[in-house]
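Reader: I am new to this structure and would like a friendly tour. Could we go through it together, one question at a time?

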Amino acid sequence: MTKKRNTALPLFTAVVSALLISGCTTPKQSESLSMTGMYFDTVVTVEAWGTSREVLDHCEELCNRYEHLFSRTLEDSEISKINASAGQPVTVSDETAELIRLGLEYGDISHGYFDITIASASELWNFTDNEEKELPDPETLAEAVTHIDYHNVKVEGNTVTLTDPMAKIDLGGIAKGYIADRLKEYLESEGVEHALINLGGNMLAVGERYDGTPFRVGLQKPFEPDGTTIAVLDVNDQSVVTSGNYERYFEKDGIIYHHILDPSTGYPVQNNLYQVTIISDSSVDGDALSTTCYALGLEKGMELIRSLDGVEAVFVTDDYELHLSTEDLPLTQ
C-alpha cells in the first residue's frame with residue numbers, strides 16, 4: 001500500500017446508516033440472506049443477494065476468527081499476547097502481521113497522528129460506563145504517553161517485537177476496516193455481486209443493489225438520536241467510514257471528552273470538528289484515514305485527502321457545516 005492507491009435491512013444508525021431502497025427484479029435476484037452477530041463490542045451485519053446460508057455462516061466464522069486475532073481485550077488474542085510479552089518476540093498469523101504493518105504505514109502517512117501504540121493511554125479512559133465522569137490521573141496519563149510511539153513496533157516476517165516493553169498495541173482504529181475488506185474479498189470469491197457489509201457503522205458495498213441502483217448511505221447527524229441523518233451518499237462498490245467525537249464520549253465542565261485521543265498528550269483531540277467521513281475503495285484505508293483526518297483537523301485533514309488518489313471525504317464542523325473534498329461527491333442533504 002502507498003499513499004497513491006487506491007427481506008430489507010432496517011435503517012442502520014451507528015456512525016453511518018444505510019438506507020436500503022426496495023426494487024423490482026426477478027425473485028432469484030431479489031432474494032437476500034443476512035447474518036448478524038456481536039463482535040468487537042459492536043453489531044456486525046452482512047446482507048448478500050443471491051447466495052447461500054453457508055456463505056453467510058462462513059462470514060460469521062471469519063468475524064469470530066479475526067476477533068480472536070486482533071482484540072486487545074480478549075486474553076487469548078494475538079494482540080493480547082504481544083502486549084503481555086514484555087518486549088519478547090511473538091510469532092503471529094499472517095493476518096495480524098499484515099494488519100500491524102498497515103497500522104505502521106499509517107503512522108508514517110499521518111506523521112504519528114495515527115499510532116497503534118495508543119493503548120497505554122486509551123486503557124486509562126472510560127467512555128462507556130463513567131457516570132462519575134472521572135478523568136485519568138494526570139501523572140499516570142503522562143507516564144503512559146511516554147510509551148506511545150509506533151516506531152517501537154518491529155515486524156519481521158510473522159514475528160512482532162515491542163522494543164519498549166511497556167508499549168501496548170491497539171488496532172481498534174483500523175481492524176474493522178481490514179475485516180470488512182476480507183469479508184468482501186471472500187464474498188466476491190463465492191460469486192456474490194451484491195452485498196452490504198456493516199461493521200458497527202463501517203459500511204462496505206459489494207457492487208450495487210441487486211436492481212442496479214446504488215446503496216444509499218446516510219451520515220448520522222452528530223449528537224442527534226440514531227436515525228437522524230445530516231446527508232446521504234450514493235455508493236457503488238465502495239467503503240464509507242466515519243469517525244466523530246459523538247460516538248463514545250462524556251461531557252464535563254463544558255468539555256467533550258471522546259475516544260479519539262491525541263498520541264502526543266493522551267487526551268481527546270480538541271478541534272472544531274464533529275465528524276469525518278471517508279469514501280474509498282478500501283475500508284481499511286477509510287478506517288485509518290477517518291481517525292487520522294479527525295486528529296489533523298479540517299485544514300490539514302483536507303490537505304491529506306487531496307494528496308491521495310481514489311479517496312474522498314466529508315468533514316462536519318461544529319456549526320454543522322459540511323466541507324467536501326470534491327464537489328463531485330454523490331451526496332444529498
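Reader: Which residues form one aromatic cluster with W125?

Author: Happy to start there, and please keep in mind that this is a predicted model. W125 belongs to an aromatic cluster, and its partners there are F127, F250, Y257 and Y267.

Reader: How many aromatic pairs does a search of the whole structure find?

Author: That search covers more than this cluster. A pair of aromatic rings is described by the distance of the centres and the angle of the planes. Across the whole structure, the number of aromatic pairs found is 15.

Reader: What kind of pair do W125 and Y267 make?

Author: The two rings sit in loops 142 residues apart: W125 between α5 and α6, Y267 between β13 and β14. Their centres are 5.8 Å apart and their planes meet at 75°. An angle over 60 degrees is what the label requires, so the W125 and Y267 pair is edge-to-face.

Reader: Is Y267 buried or partly exposed?

Author: It helps to look at both partners. W125 has 7% relative accessibility, so W125 counts as buried. For Y267 the relative accessible area is 29%, which makes Y267 partly exposed.

Reader: Where is Y320, the partner of Y274 in an aromatic pair?

Author: Y274 and Y320 have ring centres 5.3 Å apart with 70° between the planes, an edge-to-face pair. Y274 is buried at 16% relative accessible area, whereas Y320 is partly exposed at 29%. The partners are 46 residues apart; Y274 is in strand β14, and Y320 is in the loop between β15 and β16.

Reader: Which helix gives the most to the largest nonpolar core?

Author: In soluble globular proteins, nonpolar side chains tend to be buried together. Here the largest nonpolar core has 67 residues, and I100, L171 and L187 touch the most other members. The biggest contribution, 8 residues, comes from residues 53–70, helix α2.

Reader: Which residues does I100 contact, leaving aside its neighbours within four places in sequence?

Author: I100 lies in helix α4. Its relative accessibility is 0%, so I100 counts as buried. With those neighbours set aside, the contacts of I100 are I79, I82, I116, V153, V155, V160, I169 and L171.

Reader: How many residues make up the second, separate core?

Author: Apart from the core around I100, there is another one with its own members. Among them are Y210, L219, I279 and L329, and the size of this second core is 21 residues.

Reader: Why is strand β8 described as largely enclosed by the rest of the structure?

Author: Look at both sides of the strand: N202, L204 and V206 point one way, M203 and A205 the other, and all are buried. β8 is therefore largely enclosed, and the count of its buried residues is 5 of the 5.

Reader: Which residue of β11 is the bridge partner of M203?

Author: β8 has strands to pair with. With β7 it pairs in the antiparallel sense over 5 bridges, and L199 stands opposite N202. With β11, β8 is joined by 2 bridges, also antiparallel, and the partner of M203 there is V240.

Reader: Which residue takes a positive phi in the hairpin of β7 and β8?

Author: That hairpin has 2 residues between its strands. With a phi near 55°, the residue in question is G200.

Reader: Which exposed residues are on the face of helix α9 turned away from its buried side?

Author: The buried residues of α9 are G301, M302, L304 and I305. Seen down the axis they fall within an arc of 160°, so they line one face of the helix. What covers them includes α4, β14, α8, β15 and β16. The face turned away carries E299, E303 and R306.

Reader: How far is the nearest cysteine sulfur from that of C63?

Author: A disulfide is a covalent bond between the sulfur atoms of two cysteines. The whole structure has 0 disulfides. C63, buried at 0% relative accessibility, is in none, as the nearest cysteine sulfur belongs to C59 and is away by 7.0 Å.

Notes:
Residues numbered from 1 in each chain as written. Predicted model: local features only at pLDDT ≥ 70, side-chain atom pairs only at ≥ 80, totals over all residues. Heavy atoms only, no water. Core = buried A, V, L, I, M, F, W, Y, C linked by side-chain atoms within 4.5 Å. Buried < 20%, exposed > 50% of the residue type's maximum accessible area, 1.4 Å probe, protein only. Helix = DSSP H or I, 4+ residues; strand = E, 2+ residues; numbered from the N terminus. Contact = heavy atoms within 4.5 Å. Pairing = 2+ DSSP bridges. Arc of directions from axis to C-beta. Disulfide = S-S within 2.5 Å. Phe/Tyr/Trp six-rings, centres within 6.5 Å; stacked < 30°, edge-to-face > 60°.
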